[in-house]
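Please go through the structure below with attention to its aromatic rings, the charges beside them and one of its helices.

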Amino acid sequence: MPELPEVETVRRGLMKIAKGRQINGIDVYYGKIIRGDVEEFRQNLIGQTITGIDRRGKYLLFRFSNDLTMVSHLRMEGQYFAQPEGGPLDKHTHVVFHFTDGTELCYHDTRKFGRMRLVPTGSEMQVAGLKTIGPEPTSKDFTVDYFTKILRKSRGKIKPFLLNQKHVAGLGNIYCDEVLWQSRINPEQAANTLSSKQIKTLHDNIIQEIATATKYKGTTVHTFKNAQGDAGGFQDHLQAYGRAGDKCPRCGTKMIKIKVAERGTTFCPHCQALPES
């Protein structure tokens, strides 16, 4: 699933290929992608201009000239791409926005899990998922005090704690493995047992990792591509995720993979030893 750096990379690409375009037609080939009535969705957007694209966590927010916002979640495999009007479409292209300038924006999703929902601008934070979303992983929004407070309330394991979008927005399986390795924290350690030093280290690594991954335009492990059809570049810098069986880049111990909260989890048993209770 695309995480924050990948979704932000898509957003930046969409600003180049979709912002300022006026819609003169919409084809929907798989109606379940649209939350709500499909024809109402079409009629509300035909004739409107995309004035901008924002992001909150893993959600894209398309702003339209009639004060409507399309909340788009890519889920597992969702991708946007632009092409000239009438370009080739395959069976996995489910929504096509036709623009008056002779181009079209296509939504492609092999798993069909992605969703689009149209809401009045200003009410998007009432949409399920956004309503309870945690702060963005930036120094401005994600403070050590806040992080400490919510960690102290949780008896669950630290990895699923970080995966929970209510705690901090945008982290998924890849970046959780990475920041826990960087912070020398075992993914099964109870969240409320982290020391103040561990909390500060993990907090800083989360902010730095997301910023660096975004700089490299995200991670392509399976199918992720940006809106220009290019793969990300951060997969070449991963130190934990996907490296089970390799030597730990820090100590040389063989990295292992286990399941934590039903998610494949790679870590170093030496650097990230579970504290004795």
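## Aromatic cluster

In this predicted model, Phe142, Tyr146, Phe147 and Phe161 are joined into a cluster by ring pairs. The structure as a whole holds six aromatic pairs. One of these is formed by Phe147 and Phe161, whose ring centres are 6.5 Å apart and whose planes make an angle of 45°, so that the pair counts as tilted, the class between the stacked limit of 30 degrees and the edge-to-face limit of 60. This pair links distant parts of the chain, since Phe147 belongs to helix α3 (residues 144-152) and Phe161 to helix α4 (residues 158-163), with their positions 14 residues apart. Both Phe147 and Phe161 are buried.

## Charges over rings

Two contacts of another kind involve a charged side chain and an aromatic face. Lys112 lies over the face of Tyr30, at 4.4 Å from the ring centre, while Arg250 is placed over the face of Trp181, at 3.9 Å from the ring centre.

## Helix α1

Helix α1 covers residues 4-17, and its 14 residues should span 20 Å at 1.5 Å a residue; the C-alpha atoms at its ends are 20 Å apart, which agrees with that expectation.

Of the 14 residues of α1, 11 are buried, and the helix is therefore largely enclosed by the rest of the structure. The buried positions include the run Leu4, Pro5, Glu6, Val7, Glu8, Thr9, Val10 and Arg11, and further along α1 Gly13, Leu14 and Ile17 are buried as well.

Terms used. Residues are numbered from 1 along each chain as its sequence is written. This is a predicted model: local features need pLDDT of at least 70, side-chain atom pairs count only at pLDDT 80 or more; totals for chains, interfaces and linings use all residues. Side-chain values use heavy atoms; hydrogens and water are left out. Helices (H or I, at least four residues) and strands (E, at least two) are DSSP runs, numbered from the N terminus. The expected span of a helix is 1.5 Å times one less than its number of residues. Buried means under 20% relative accessible area, exposed over 50%, partly exposed in between (1.4 Å probe, protein chains only). A charge sits over a ring if NZ of Lys or CZ of Arg is within 6 Å of the ring centre and within 35 degrees of the ring normal.
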